[in-house]
Amino acid sequence: MTDAETTPRTGKRVLLANPRGYCAGVDRAVQTVEEALKLYGAPIYVRKQIVHNKHVVRTLEAKGAIFVEENEEVPEGATVIFSAHGVAPEVYEQAKERSLRAIDATCPLVTKVHHEARRFAQQDYDILLIGHEGHEEVIGTAGEAPAHIQLVDGPDGVDKVTVRDPEKVVWLSQTTLSVDETLETVARLKQRLPLLQSPPSDDICYATSNRQHVVKEIAPECDVVIVVGSRNSSNSVRLVEVALDAGARAGHLVDFADEIDDAWLEGARTVGVTSGASVPDELVQQVLARLAERGFTDVDEVTTADERLTFSLPQELKRDMKAAAARG
Ligand code: SF4
C-alpha cells in the first residue's frame with residue numbers, strides 16, 4: 001500500500017514552492033563560518049549577521065561565532081568574517097589597521113555588482129543604484145564609489161534623481177529586489193533619462209528571481225502563502241509582497257513554525273509555502289509538520305527551476321585549510 005493510500009485526504013493541501021531556501025551564496029557564507037571555526041577554533045568574529053536569518057545566526061553563535069556590528073568590536077589580531085551582503089572598501093582598510101585576519105564571505109554575485117560599480121565609476125558615469133536605503137548590501141556597493149552613486153529607493157525615488165550628463169548614466173541594483181518593481185523603477189527612470197544604460201547582466205540574482213517566479217505560479221491558487229524568513233531578509237520580505245501581488249488572498253512571514261496563527265488557516269483549502277534564500281530547509285519542514293497537524297497533509301511540490309550553482313569557499317580560507325591539511 002502506498003503512502004497516498006494510507007494518508008486520509010482532507011481536501012486541504014499545501015503547494016510547496018521549489019526552488020526555495022538556501023542559495024549558493026548563503027550556503028557558502030554559512031560554510032565559511034563553520035569551516036573557520038573548525039580551522040582556527042572559537043571564537044570567530046563575524047561582522048554583521050552572516051546571512052539575514054535568526055535561526056542560522058543562533059546556531060552559529062552556539063558553535064562559537066560572535067556577531068559584531070563593526071570591526072572595532074573585534075580584538076586586534078583576531079579573525080573576522082565579512083557577511084554575504086558585502087562591505088565597502090573602507091571596511092577592509094579598518095580590518096588591516098587592526099591587524100585582523102579578514103575572511104570575505106561576500107556572495108560572488110554581490111561582488112560582481114561591486115565590480116560593475118567600480119568600472120562605471122572609473123569611466124566617470126553617474127550610477128543609479130536601485131535598492132533599499134540602509135540595507136547592508138547597498139551600503140557596501142555604494143561604498144565602492146560614493147561620489148558616483150546615488151540610491152534610487154523604488155519607483156517613488158525616481159523624481160529625486162539628478163545627473164551631471166544624461167548621456168552618461170547607468171543603473172545597477174541590489175541583488176534581492178522585486179523583479180517587477182525594479183522593472184517599473186527602470187521604466188520610470190528611462191522616461192526621465194532615455195539614454196540610461198543597463199547593467200551588463202542582471203544584478204537581481206538567479207536565486208531571488210527563481211524564488212519570486214515560483215511564488216507567482218502558486219499564489220493565484222493559494223488562500224494564504226506562508227514565507228519562512230526573517231524580517232530583515234530583503235528577499236524573504238519580497239516573497240510575501242510578490243505572493244500578494246500575484247493573487248494570494250493573504251501572505252505571512254514567519255521565522256518559525258510556532259508563529260503560524262491558526263486564524264490564518266480558518267477556511268483555507270490551499271496554503272502556499274516557500275522560504276527566503278537564507279533559510280535552512282529544516283525550518284520549512286517544521287512548518288509543513290505544523291500544517292499537517294492542522295489537516296494540511298497533501299503536499300504538492302511545484303518546481304519551476306533546477307538550481308545547481310555552487311560557489312567555492314573564499315580563497316583566503318581555502319589557502320589556510322590546505323596549509324593545515326599539509327601539516328597533517
Ligand atoms: S540571494 Fe543571491 S546575491 Fe544574495 S547570497 Fe544568495 S545568491 Fe548571493
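Asp124 lies in the loop between H5 and strand S6 (126-130); helices (H or I, at least four residues) and strands (E, at least two) are DSSP runs, numbered from the N terminus. The model is predicted: local features need pLDDT of at least 70, side-chain atom pairs count only at pLDDT 80 or more, and totals for chains, interfaces and linings use all residues. Residues are numbered from 1 along each chain as its sequence is written, and side-chain values use heavy atoms, with hydrogens and water left out.

Asp124 is not a glycine, yet its phi is positive, about 65°. Asp124 counts as partly exposed because its relative accessibility is 38%. Buried means under 20% relative accessible area, exposed over 50%, and partly exposed in between (1.4 Å probe, protein chains only). Lys48, in the loop between S2 and helix H3 (54-63), also has a positive phi, near 70°. With a relative accessible area of 13%, Lys48 is buried. Most residues other than glycine have a negative phi, and most peptide bonds are trans.

Two peptide bonds that lead into prolines are cis.

| Bond | Omega | Place of the proline |
|---|---|---|
| Asn18 to Pro19 | near 10° | loop between strand S1 (13-18) and H2 |
| Ala42 to Pro43 | near -5° | loop between H2 and strand S2 (44-47) |

Helix H5 has 15 residues and spans 21 Å from its first C-alpha to its last, close to the 21 Å expected at 1.5 Å a residue; the expected span is 1.5 Å times one less than the number of residues. Its buried residues are Val110, Val113, His114, Glu116, Ala117, Phe120 and Ala121. They fall within an arc of 160° seen down the axis of H5, so they line one face of the helix. The arc is that of the directions from the helix axis to the C-beta atoms. Arg118, also in H5, is partly exposed at 31% relative accessibility.

Helix H7 (residues 179-192) buries Thr182, Thr185, Val186 and Leu189. These cover an arc of only 95° around the axis, which puts them on the same side of H7. Exposed Leu183 and Gln191 are on the face turned away from that buried side.

The residues around the ligand, each with a heavy atom within 4 Å of it, include Cys23, Val26, Cys107, Leu109, Tyr206 and Ala277. Helix H2 (24-40) and helix H5 (108-122) are the elements that give two or more residues to this shell. By class, the shell has eight nonpolar, three polar and no charged residues; Ala, Val, Leu, Ile, Met, Phe, Trp, Tyr, Cys and Pro count as nonpolar, Asp, Glu, Lys and Arg as charged, and the others, Gly among them, as polar.
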